[in-house]
Amino acid sequence: FLDITQLKILQEQLELLATTDSLTGIFNRRHFIELSEREISRARRSLAPLAIAMIDIDHFKIINDTHGHTVGDLVIKELVALCKDDLRPYDLLGRIGGEEFAITMVECDLQKAFTVSERLRERVANHVISIDGNDISIKISVGVAELAGDMESLESIMYRADQALYVAKKLGRNRVEKSSLGPNRQ
């Protein structure tokens, strides 16, 4: 008999490396998109609402330039911990790039997604991160969009959420903005 225990462990480790962000332990961009596509299909079949939130840490470059990249990494980890505490176990949280994150909220309409995102924004804004004797406060900007019809793609929803995120940044940051319901309207 061949003991495949070590091979099984190695396979699980490789799968974890392929699907998660190494810094935060949450889904990486590729796996987040794959899982979100599944949730969109499920939402269409069950006629349930689904919303996406795009999150960006405001002025993150200043944190890195002032305190260094190690502190920047700790700030990212702390934000992820705050997000995890606020989300339901079946919502999807992924790191899309640098200091940008996305959340797929299943069975969640636009207004509820806005409320969840606003609660998270307030929690982050009121949270102080103590690192090496320095107290660091961060703010986030968030854009939310809801699945708008049978034919809308994940790419389209994420685009609309991202556009709402840019509106939040343009209007002063540290805020949540909603996309319009239609995929072709802003």
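**A guided tour from Glu 39 to the helix pairs**

Begin by selecting Glu 39, which lies in helix α2. The model on display is a predicted one. Glu 39 has a relative accessibility of 15%, and because buried means under 20%, this residue counts as buried. Now show its surroundings: leaving aside residues up to four places away in sequence, Glu 39 touches Leu 50, Leu 92, Thr 104 and Val 106.

Next, select the sheet. Six strands make up this open sheet, and their order is β1-β3-β4-β2-β7-β8. The pairing among them is mixed. Which strands stand at the edges? They are β1 (27-28) and β8 (176-178), each with a single partner strand, so one side of each has no neighbour in the sheet.

Keep the sheet in view and add the whole of helix α2, residues 29-46. This helix packs on the sheet, where it touches β1, β2, β3 (92-97) and β4. The direction of α2 makes about 135° with that of β3.

Within the sheet, select strand β2 (residues 50-57) together with strand β4 (residues 100-106). How many bridges join β2 to β4? There are seven, and the two strands run antiparallel. To inspect one position along this pair, select Ala 53, which stands opposite Ile 103 in β4.

The tour now turns to helix packing. Two packed helices are described by the angle between their axes and by the distance between those axes.

Select helix α3 (residues 60-67) and helix α4 (residues 69-86). Their axes lie 7 Å apart, and the helices pack at an angle of about 135°. That angle makes α3 oblique to α4. On the α3 side of the contact, display Phe 60, Ile 63, Asn 64 and His 67. These meet His 69, Val 71, Gly 72, Val 75 and Ile 76 in α4. The residues of this contact divide into five nonpolar and four polar, with no charged ones.

Retain α4 and add helix α5, residues 110-125. The axes of α4 and α5 come within 10 Å and cross at roughly 140°, which means that α4 is oblique to α5. The crossing in which α4 passes α5 is right-handed.

Finally, show the side chains at this second contact. Leu 79, Leu 82, Cys 83, Asp 85 and Asp 86 belong to α4, and they meet Arg 119, Leu 120, Arg 123 and Val 124 in α5. What kinds of residue form the contact of α4 with α5? Five are nonpolar, four are charged and none is polar.

Conventions
Residues are numbered from 1 along each chain as its sequence is written. This is a predicted model: local features need pLDDT of at least 70, side-chain atom pairs count only at pLDDT 80 or more; totals for chains, interfaces and linings use all residues. Side-chain values use heavy atoms; hydrogens and water are left out. Axes are lines fitted to C-alpha atoms, for helices over the stretch in contact, and angles run from 0 to 180 degrees between N-to-C directions. Helices (H or I, at least four residues) and strands (E, at least two) are DSSP runs, numbered from the N terminus. Angles under 35 degrees count as roughly parallel, over 145 as roughly antiparallel, 65 to 115 as roughly perpendicular and the rest as oblique. Contact means heavy atoms within 4.5 Å. Ala, Val, Leu, Ile, Met, Phe, Trp, Tyr, Cys and Pro count as nonpolar, Asp, Glu, Lys and Arg as charged, and the others, Gly among them, as polar. A crossing is left-handed if the near helix is turned anticlockwise from the far one by less than a right angle, and right-handed if clockwise. Two strands pair if DSSP finds at least two bridges between them. Buried means under 20% relative accessible area, exposed over 50%, partly exposed in between (1.4 Å probe, protein chains only).
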